[in-house]
Structures are given as C-alpha cells and as structure tokens.
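Hi everyone, thanks for having me. Let's take a look at this one together, and do stop me if anything is unclear.

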Amino acid sequence: MLEQEHASLTRAHLKTPKAAAIAGIAFSLLMFTIFWLLRRSVPTDPLESGAWLATNARTVALALNLIPFAGVAFLWFIGVLRDRLGQQEDRFFATVFFSALLYLAMLFIAAAVIGAVILVAASAEPNELINSATFRFARAATYIVMNVYAIKMAAVFMISTSTVVIYTGIAPRWIAVIGYLLALVLLVGSYYISWSFAVLPVWVFLISVYILIDNLRR
C-alpha cells in the first residue's frame, strides 16, 4: 500500500509543469552553449577551407558531446508537456509533435557526421583531409541538414505547439504569437540567417520560464 502511494506521489511530481520547465530550460542553456562553441570555432560558410580542424577540433568535439544531453532534455520537455495536455491533445497534434523527433534525429545525424570528420582528422594528415572531396561533402551535407531540414522541422514543432497553447491555454497567447512569428522566420529565411539555429532554444526557454514562474505562483 505504501509503495503504491509512493508511486502515485512520484508520478504526480513528474507530471507537474515544473518538470517540463526545468527540462526546457536545461535544453535551451545547453543549446546556447553548443551554438556559441560552434560559432566561435567553425565558419558559417559551408565551403570553407576547414582550417578549424587543426586549431578548434577540441572545442567542436566538446560541443558535439553536449548534444546528446540537450536531446535528452528536449525529449523530457516534450514528454512532460504532452502529459500536461492529457486528454486535451488530439491525434493530429500528437502526430505533428513527431516533428520534434525528426529535428532531434537530424541534429544527431549532423553531429555524427562532424564527429566522424574530427575522428578521421585525428588519425590522418589534416591537409590531406581538408583537400579531399569527402570533407567538402560532409561539411556541405551537415550545413544543409541543419540549416534547411532540421530548422524546418523545428518551425513545424513551434507552430503546432503554439496552436496547442492557444487552444488549451497552458500559456499566454502572446507566447503563441511569438512562436508563430519565429517559426515563419525559420520557414522563410533559415537558409540565409546564420542565427536561425538558436531560434528554437530561445522560444523553448521563453515558454519554460513562463511555466516555471506560473507554477511557483500557484
């Protein structure tokens, strides 16, 4: 009997908005750190020479090692957020939420490709790898996967979550409006905006902070 009560209390704590807020804030802070490390180490040009392999490989490797932790925090954020919606979430939005999983999958794929490049560079001559077609293909493919496809999936997730916010009232409408505007920016100009990678973490941080503050007020 006591074990059942303890399990019920544990589940109640896991279902609180605070869990979603903490996970969302952790994801945002980790992604901000990752984005900062990559921006200061790797040029934005997908056709750059690759000189960073000789000077900034360790910094990039640190950023790549943080990505799985950010992914776990994002999954926790999505899971607790959906659990908070409960019966208010219909099948359509439950399906659209899978865009978040596609975003994470592409993020992991891009990280794996860059990680493989760093691993090969550590066991070969840097100049030989930089001048190879394999490096240029891996660099360009990573850029396209992240700045075109992954960012578009992030925009779909923001649109669906903003719609859920409007229909269920789990957050103010102005947060949903900001989500729509930022998602529109990603859909239209993600390929041309170098900071588009940070838009989703900013929005998740915003909604997470609101949920946490609202939970503390209650």
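**A walk through some helices**

Okay, so Leu 101 is partly exposed, because its relative accessible area is 37%, between the cut-offs of 20% and 50%. Keep in mind that this is a predicted model. Leu 101 sits in helix α6, and together with Leu 75 and Phe 98 it makes a nonpolar surface patch of about 270 Å².

Now slide along to Ile 114, which is also in helix α6, the stretch from residues 98-122. Is Ile 114 buried or exposed? It's buried, because its relative accessible area is 11%, and the cut-off for buried is under 20%. Its C-alpha atom is 8.3 Å from the one in Leu 64, and those two residues are 50 apart along the chain.

On to the rings. The count comes to six aromatic pairs. Take Phe 74 and Phe 77: the ring centres are 6.4 Å apart and the planes are at 15°, so we call that pair stacked. Both live in helix α4, residues 57-85, and being three residues apart there, they're separated by about one helical turn. Phe 74 is buried, at a relative accessible area of 0%, and Phe 77 is buried at 0% too.

Phe 74 also pairs with Phe 157, edge-to-face this time, with 5.4 Å centre to centre and 75° between the planes. Phe 157 is in helix α8, residues 133-168, while Phe 74 is in α4, so this pair ties together parts 83 residues apart in sequence. Phe 157 is buried, just like Phe 74.

Which residues form the aromatic cluster? Phe 27, Phe 74, Phe 77, Tyr 103 and Phe 157.

Methods: Residues numbered from 1 in each chain as written. Predicted model: local features only at pLDDT ≥ 70, side-chain atom pairs only at ≥ 80, totals over all residues. Heavy atoms only, no water. Helix = DSSP H or I, 4+ residues; strand = E, 2+ residues; numbered from the N terminus. Buried < 20%, exposed > 50% of the residue type's maximum accessible area, 1.4 Å probe, protein only. Patch = residues over 30% accessible without salt bridge, like charges linked within 9 Å, V, L, I, M, F, W, Y side chains within 5 Å. Areas by Shrake-Rupley, 256 points an atom, 1.4 Å probe, with all protein chains shown as cover. Salt bridge = Lys/Arg side-chain N within 4 Å of Asp/Glu carboxyl O. Phe/Tyr/Trp six-rings, centres within 6.5 Å; stacked < 30°, edge-to-face > 60°.
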